[in-house]
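This report covers two topics: the two sides of a helix and an enclosed cavity. The structure is shown first.

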Amino acid sequence: MSLTVKHLLGIKELTKEDIQTIFKTADNFKQVLQRPIKKVPSLRDTTIANVFFENSTRTKISFELAEKRLSADVVNFSASGSSVAKGETLIDTVNNILAMKVDMVVMRHSASGAPWFLAKHIDASIINAGDGVNEHPTQALLDAFSMREVHGDLKGKRVTIIGDILHSRVALSNIFCLTKLGAEVTVAGPPTLIPKHIQDLGVRVEYDVKKALEWCEIANVLRIQLERQNKPLFSTLREYSLYYGINRDMLDGLEKDITIMHPGPINRGVEINSDVADSDQSIILDQVENGVAIRMAVLYLLSGKRDLVE
Ligand code: CP
């Protein structure tokens, strides 16, 4: 049970077998997390730095919890309040953290490609916790793992990703992950939020959200990332919600119950209404729960430690 990569930079670099190995390991860790004592000694004496240059709630807490459940020593770094404000570079920042004998680095950065750049300059394993508009590999792994729990093998399953595809690292990592696993993928949303030539990645494009919902078994709804849009790409949030937001009436009009997902954070009343996000069809909090097991699996497999996972 090992991966073909030293770092988890993106899903693009993983093989289908890597993804299945991560799922199998996460299955075991998920069982550990159901026990009264939710901790194993697998990463005892391993020190992990969580280096976050961009805001996070779920990913940051989930990685820290995963590391602690594996008995790793953990240090947390946030760019705000650090010497980055004094002009220290990314490589200097990380090399100074590594000088304190850190073994692995989990990094989120607003610049696309930052983890690949860092991987060329340091020896420690790097795990990408989201880079700009590029990839968010552990999110895609936990999303596919959560789909698999409900729908079984994803080969031939139909997944629609809806919303701000253009600015979404979750969308790109999901596309890589789901197509490697044999799922069929449609991206849906306003034409201004769907990148040109995205069909080259093996996905369908649908601008009519109702049709996209009718086609799929699983809908992964994405947040509108206003913070990454430097010019307006649709008129108003209200209009976006009217034409592209997922509401109860839309789901009730379908002939089947589809599974609803969202990576968070949710803009309630914009891309999804509360009566959808909080419904029985939603597995949004299962995604969050599964994030810990997936991140335990990734950390464990990249650490090179080979004790038991029982
Ligand atoms: N899904 C996700 O990446 O959430 P955070 O930005 O809160 O980590």
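## Helix H8

The model is predicted. On one side of H8, Arg238, Leu242 and Tyr243 are exposed. The helix itself spans residues 237-244, and its buried residues are Tyr240, Ser241 and Tyr244. These buried residues sit on the same side of H8 because the arc they cover around the axis is only 105°.

The cover over the buried residues of H8 includes helix H7 (209-215) and strand S5 (158-162).

## The cavity: size and lining

Searching the whole structure for cavities of 30 Å³ or more gives one. The largest cavity holds about 70 Å³ of space. Its lining consists of Arg58, Ser62, Gln139, Leu142, His262, Pro263, Ile284, Gln287, Val288, Gly291 and Arg295. Three helices, H2 (58-69), H5 (137-151) and H11 (284-303), are the elements that each give two or more residues to this lining. H11 gives the most, with five residues.

By residue class, the lining of the largest cavity has five polar, four nonpolar and two charged residues.

## The cavity: position between domains

Where does the largest cavity lie with respect to domain 1 and domain 2? Domain 1 comprises 11-134 + 288-303, and domain 2 comprises 137-283. Both domains give residues to the lining of the largest cavity, so the cavity lies between them.

Definitions and conventions:
Residues are numbered from 1 along each chain as its sequence is written. This is a predicted model: local features need pLDDT of at least 70, side-chain atom pairs count only at pLDDT 80 or more; totals for chains, interfaces and linings use all residues. Side-chain values use heavy atoms; hydrogens and water are left out. Buried means under 20% relative accessible area, exposed over 50%, partly exposed in between (1.4 Å probe, protein chains only). Helices (H or I, at least four residues) and strands (E, at least two) are DSSP runs, numbered from the N terminus. The arc is that of the directions from the helix axis to the C-beta atoms. Contact means heavy atoms within 4.5 Å. On a 1 Å grid over the protein atoms alone, a cavity is a set of points where a 1.4 Å probe fits but cannot get out, and a pocket is an open set with protein on both sides within 12 Å along at least five of seven lines; lining residues have an atom within 4 Å of a point. Grid points are joined across faces, edges and corners, and a volume is the space filled by probe spheres set on the points. Ala, Val, Leu, Ile, Met, Phe, Trp, Tyr, Cys and Pro count as nonpolar, Asp, Glu, Lys and Arg as charged, and the others, Gly among them, as polar. Domain bounds come from an automatic or database domain assignment.
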